[in-house]
Amino acid sequence: MILVLVEHDRGVLNELSHEALTFARGLGGHVDAVLVGEEARGLADGLGVARVHLAVEPRLSDYAPAAWAAAVASLIESAKPDVVVAAGSDRGQEVLAHLGARLDLPVAANVVAAAGGDPFLVTRQRWGGSLLEEARVQGAVKLLTVAAHGIAAVPALSVAASVEEFTPALGDEDLVVRVVRREEPQAGKIQLGDAKVVVGGGRGVGSPEGFAVLEELAAALGGAVGGSRVVTNLGWRPHADQIGQTGARIAPELYIACGVSGAIQHMVGCKGAKRILAINKDPNAPIVARADYAVIGDLGEIVPAIIAALRGG
């Protein structure tokens, strides 16, 4: 049996979980899902599985990585799955890392393919997705995370799932790290992870004020604005706007990279984009070679010209 940890935030499904479910079905075994917290109950019928295990405990009302791992560990003990799969999101990686430490099992992260059997073989992304590694996973239970945007999610059929509740035993130590306060996003602002168009800025933007024209372009396209790590390190943009290996992973229809050099860490964050347009003075910048389209020149002239064209000017 294959168990998929379905990630949610206060009952809102993380769409990467559909990728994890699609991957799990491809392994060929029976697939069950596990949801943590009463707030997730409403998601059960939209997962395309016949059986959902729901961890219910008052202290699971919000995210706590060790507590989520404790819930999955207790289910492993009773359900005895062969494989546990989670999305390759920040939370998915974190929970499975806790789970592996708790059960003394190895975790294969950022997997894009697997062949069951003995040996259990996986292909996974390494070095920010710049190479693929073939590896064997040894353990009584195989713990895998699926590389974000590494496979195409297949929409699940609506299935009336059987929901089986269980109550994990949690200690105070499982709740030392937990969500206790939230900074809500600005009302009406499109979030990076949801945007169909993302306009990103790098050092070439020149200053915090230089992002004003990028904001204008994003508004004209109904998109969001992000930045490279150097931009957030300089304090030009908040860390929440960072695109990259240590920031947001985006998958818009179009990513417009303005003055971004295209270091591998940044490309990890935007490689899920369907199309990349690079605007850069340097024709030899790494991002130009990786982009679908490139405009070589001064973004201070090019971006306003695009805005004017969009407005019919």
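**How the structural calls are made**

Q: What does helix 1 (residues 16–26) lie across, and at what angle does helix 1 run to strand 6 (83–87)?
A: Helix 1 lies across strand 1 (2–5), strand 4 (31–36), strand 6, strand 7 and strand 10 (142–146), where contact means heavy atoms within 4.5 Å. Helix 1 runs at about 150 degrees to strand 6. Axes are lines fitted to C-alpha atoms, for helices over the stretch in contact, and angles run from 0 to 180 degrees between N-to-C directions.

Q: How do you know which residues and atoms count?
A: This is a predicted model, in which local features need pLDDT of at least 70 and side-chain atom pairs count only at pLDDT 80 or more, while totals for chains, interfaces and linings use all residues. Residues are numbered from 1 along each chain as its sequence is written, and side-chain values use heavy atoms, with hydrogens and water left out.

Q: How many helices and strands are there, and what makes a stretch one or the other?
A: The protein has 8 helices and 16 strands. Both are DSSP runs numbered from the N terminus: a helix is H or I with at least four residues, and a strand is E with at least two.

Q: Why do strand 9 (131–137) and strand 11 (162–166) count as edges?
A: The open sheet has 9 strands in the order 9-8-7-10-6-1-4-5-11, with mixed pairing. Two strands pair if DSSP finds at least two bridges between them. Strand 9 and strand 11 each have a single partner strand, so one side of each is left without a neighbour in the sheet. On average, neighbouring strands here are turned by 40 degrees against each other, direction ignored.

Q: How do you know that strand 7 (residues 107–115) and strand 8 (residues 120–126) are joined?
A: There are 4 bridges between them, and the two strands run antiparallel. One bridge pairs Ala-115 with Leu-121 in strand 8.

Q: What makes the loop between strand 7 and strand 8 worth a look?
A: Pro-119 is found there, and the peptide bond from Asp-118 to Pro-119 is cis, with omega near 10 degrees. Another backbone feature belongs to Asp-104, whose phi is near 55 degrees, a positive value in a residue other than glycine. Asp-104 lies in the loop between helix 3 (90–103) and strand 7. Most residues other than glycine have a negative phi, and most peptide bonds are trans.

Q: What makes helix 2 oblique to helix 3?
A: The axes of helix 2 and helix 3 come within 8 Å and cross at roughly 55 degrees. Angles under 35 degrees count as roughly parallel, over 145 as roughly antiparallel, 65 to 115 as roughly perpendicular and the rest as oblique. That crossing angle therefore makes helix 2 oblique to helix 3. The residues of this contact divide into 11 nonpolar, 1 polar and 2 charged. Here Ala, Val, Leu, Ile, Met, Phe, Trp, Tyr, Cys and Pro count as nonpolar, Asp, Glu, Lys and Arg as charged, and the others, Gly among them, as polar.

Q: Which strands does helix 2 (residues 65–79) lie across?
A: Helix 2 lies across strand 1, strand 4, strand 5 (51–55), strand 6 and strand 11, and runs at about 165 degrees to strand 1.

Q: Why is helix 4 called roughly parallel to helix 8?
A: The axes of helix 4 (residues 211–221) and helix 8 (residues 299–310) cross at roughly 25 degrees and come within 10 Å. That angle makes helix 4 roughly parallel to helix 8. The contact residues divide into 11 nonpolar, no polar and 1 charged. Among the helix 4 residues in the contact are Val-213, Leu-214 and Glu-216.

Q: What makes strand 13 (224–227) and strand 16 (293–296) edge strands?
A: The second sheet to look at is open, with 5 strands in the order 13-12-14-15-16 and parallel pairing. Each of these two strands has a single partner strand, so one side of each is left without a neighbour in the sheet. The twist averages 20 degrees from one strand to the next. Strand 12 (residues 197–201) and strand 14 (residues 254–258) pair over 5 bridges, and Val-198 stands opposite Tyr-255 in strand 14.

Q: How do you know that the size agrees with a compact globule?
A: With 313 residues, a compact globule would have a radius of gyration near 20 Å, and the protein has 21 Å, which agrees. The radius is taken over C-alpha atoms, and the globule rule is 2.2 Å times the number of residues to the power 0.38.
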